[in-house]
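The following exercises ask the reader to reason from a structural model, one step at a time. Each task sentence is followed by a worked solution.

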Amino acid sequence: MSAATNTVDPAEVAKFEAMAAEWWDLDGKFKPLHMMNPCRLDYITSQIAAEFSRNMGSAAPFAGLRVLDIGCGGGLLCEPMARLGATVVGADAAARNIPVARVHAEQSGLTIDYRHTTAEALADAGEQFDVVLNMEVVEHVADPKAYLAACRALTRRGGLHICSTINRNAKSFGMAILGAEYVMRWLPKGTHEWSKFITPDELTALLRAAGFNVLDTKGFQFNPLLWSWRISDRDLSVNYVTTARAPS
Amino acid sequence: MTKADESLNHDVLIVGGGLNGPALALALARAGLRVAVIDSLPLVTRADPGFDGRAYALALASQRLLRALGVWPRVAAEAQPMLEIKVSDGRAGEGPGPFFMHFDSAEIEEGPMGYMVEDRHLRRAFLDAMAETAAITQYPSATVTAQDTSGAVARVTLADGRVLQGRMVVGCDGRKSGTAARAGINRQGWPYGQTGVVCAVAHALPHGGVAQQFFMPHGPLAILPLKGNRSSIVWSETSARAKELVAMEDADFLDALRPAFGSFLGQIRLEGVRFAYPLDLTLAESFIAPRLALVGDAAHGMHPIAGQGLNAGLRDVAALAAVLDEARARGEDIGAPAVLRRYQQWRRFDTATLALATDGFNKLFSNDNPILRAARGLGLGLVNAAPRLRRGFIREAAGLTGELPPLMR
């Protein structure tokens, strides 16, 4: 990884460091992701620990697991996975995120394989993972069916695929688009296209069609009084997440 | 995979090996973190079992924390349960006033409100427990000369040139915290102009596990039950008067103490020496900085009027341990601002409220204004007459209110 960063010029590195600082600024433009991240991590870590019988009290509970994070951004999920001992590949279709994520991982003393690529390209290359993290991506892709087929190809037999997205209903329109983009200005206007949101039933059907067995579905619920997110068993009305297994 | 692990000898560097520091070290070691405990004193001095007169009123929640950390069995035989607390308004030479509050642990189901434990027993128990914990490395007789928490690792430089590295530094180094000062964290302070005179007395009659608090014109006098026919005295006075009290011959001091103390415990004599602690309220402007957190008096020094100093510190310990344990299990960077903010949010409001409440309580009671005397007499009587309010006070004294960290449940 250091070989990759050493080839770019110092001005570029300074720019990437500034962008990394922006990605990891709790009050900056990625504030909504930072607010949601502990809740996402709680869900992801508990699902992986349960599926692969890992003891979260041990020093490197995810040692030996190969994890892919699709749409890795600045590395908000990759770094915790690496810290827990997993071998991590972070993929992002946006080229500018890759050096930014690399700089931050290096600062954090973590080894993470960040690549400017897509799920489809990785699948074509025959890559396979024990865990595929597919968080807040499926609502942005042009063809969810083809995309999830690629995700299935990336998940080894018996592996886990964890996918979160946003439901499509009046409430999600109010919360995710009017609330987050227009009222709170958490996200740039136009971040989400409501018509691309997917209901839990639709996602379950898509995952099954791709060849996954859906194991679990939970909601991520925002509490405006505590200003924090929590995992909900029942409330799938806006943000929700599914865990699916590729049959062994 | 963490490649910096080889160069990181510890996860958390704790500065201060008094009581909060070791409690935090034990709690973090249980959570699977490797801890360094740095203290300027040698171990033999800290383990000295000689009685110096200091004792703590451990609230029930604090006792539960010690139990969870395996420290309680080491001090249980030396701990005096506090079964009742009596609070009354007094005036030198007159003894307790007619109005009083009486809290009896029989009114709550959780058991005694707390325990009195002497400093020497507690200190020794913590040192023994740390020595038996492989994940804890002690750095005794070590003074911190520099710290750097600006990067991805925290570094602490010791006077002998050694440099310790960790994910974060925790300052458990008291109200004059060097850790806070080096991090550029300012403190606000309000001196009371009072000094606490602390000593132990032996008395002829048994105390029955009753803690007494008299509000005297110049400051409160607490008589707290120790094992056997002994009690710990915390006598808050104007600083000038306290200086006189400490300088007196034993016999003269006892003569000065007797009128306030009253005769309900029979003949009294001094055990050990007298200590004077200037009382002031200090509050750090922030409990956190990058890769740094403050715990106990380093974050908040409060009036000992309600015996809440150590209890508040142990609550910080349990809260910080819970936050760091949860972060570690999620794979978060334990020294990251996102993580430390959770600790600050949890503890800062709680402790600021408590510090100001004890400050207000002290101001209300530490004067001889006849109207205030009448009003607080009435207030004490009213609280005493209202069972629901009284049970609320008992739970508060036992430390059972607010959001309890898991180690205290």
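pLDDT is the predictor's confidence in each residue, on a scale from 0 to 100. The model is a predicted one, and its confidence is the subject of the opening exercise.

**Exercise 1. Confidence in chain A**

Determine the average pLDDT of chain A and locate a stretch where pLDDT stays under 50.

Solution. Begin with the chain as a whole: chain A has an average pLDDT of 89, and 94% of its residues score at least 70. Then turn to residues 1–6 of chain A, over which pLDDT stays under 50. For residues 1–6 of chain A, the model has 10 contacts beyond four places in sequence.

**Exercise 2. Two packed helices**

Describe the packing of helix α2 of chain A with helix α5 of chain A, and classify their relative orientation.

Solution. Two packed helices are described by the angle between their axes and the distance between the axes. Helix α2(A), residues 10–23, and helix α5(A), residues 97–107, pack at about 80°, and their axes are 8 Å apart. Angles from 65 to 115 degrees count as roughly perpendicular; α2(A) and α5(A) are therefore roughly perpendicular to each other. Next, list the participants: α2(A) contributes A:V13, A:F16, A:E17, A:M19, A:A20 and A:W23, while α5(A) contributes A:P99, A:V100, A:V103 and A:H104. By class, the residues of this contact are eight nonpolar, one polar and one charged.

**Exercise 3. The contact between the chains**

State how many residues each chain gives to the contact, and analyse the side of chain A.

Solution. Chain A supplies 21 residues and chain B supplies 13 residues. On the side of chain A that touches chain B, the elements giving two or more residues are α3 (31–51) and α4 (78–83) of chain A. The largest share, five residues, comes from α3(A). This side of chain A consists of 10 nonpolar, nine polar and two charged residues.

**Exercise 4. A covered helix in chain B**

Establish which residues of helix α3 of chain B are buried and what covers them.

Solution. Helix α3(B) spans residues 60–68, and seven of its nine residues are buried. They are B:L60, B:A61, B:S62, B:Q63, B:R64, B:L65 and B:L66. The covering elements include α1 (20–30), β3 (55–59), α4 (72–75), β7 (114–118) and α9 (309–330) of chain B. Just after α3(B), B:G70 adopts a positive phi of about 80°.

**Exercise 5. Nonpolar cores**

Identify the members of the largest nonpolar core that touch the most other members, and name some residues of another core.

Solution. In soluble globular proteins, nonpolar side chains tend to be buried together. The largest nonpolar core has 112 residues, of which B:I14, B:L24, B:A27, B:L28, B:A293 and B:A321 touch the most other members. Its largest share, 11 residues, comes from α9(B). Beyond its neighbours within four places in sequence, B:A321 is in contact with B:L24, B:A27, B:L28, B:A31 and B:L407. Another core, of 63 residues, lies apart from the largest one and has A:L41, A:I44, A:F62 and A:A101 among its members.

**Exercise 6. The setting of A:R157**

Decide whether A:R157 is buried or exposed, and describe its surroundings.

Solution. A:R157 belongs to strand β5 of chain A. A residue with 12 or fewer other C-beta atoms within 10 Å counts as exposed; A:R157 has 9 and is therefore exposed. Outside its neighbours within four places in sequence, A:R157 is in contact with A:A246, A:P247 and A:S248. The C-alpha atoms of A:R157 and A:D130 are separated by 8.2 Å, with the two residues 27 residues apart along the chain.

Methods:
Residues numbered from 1 in each chain as written. Chains lettered and ligands numbered in written order. Contact = placed C-beta atoms within 7 Å. Helix = DSSP H or I, 4+ residues; strand = E, 2+ residues; numbered from the N terminus. Nonpolar A, V, L, I, M, F, W, Y, C, P; charged D, E, K, R; others polar. Axes fitted to C-alpha atoms, helices over the stretch in contact; angles between N-to-C directions. Parallel < 35°, antiparallel > 145°, perpendicular 65-115°, else oblique. Buried ≥ 20, exposed ≤ 12 C-beta atoms within 10 Å, placed from the backbone. Core = buried A, V, L, I, M, F, W, Y, C linked by C-beta atoms within 7 Å.
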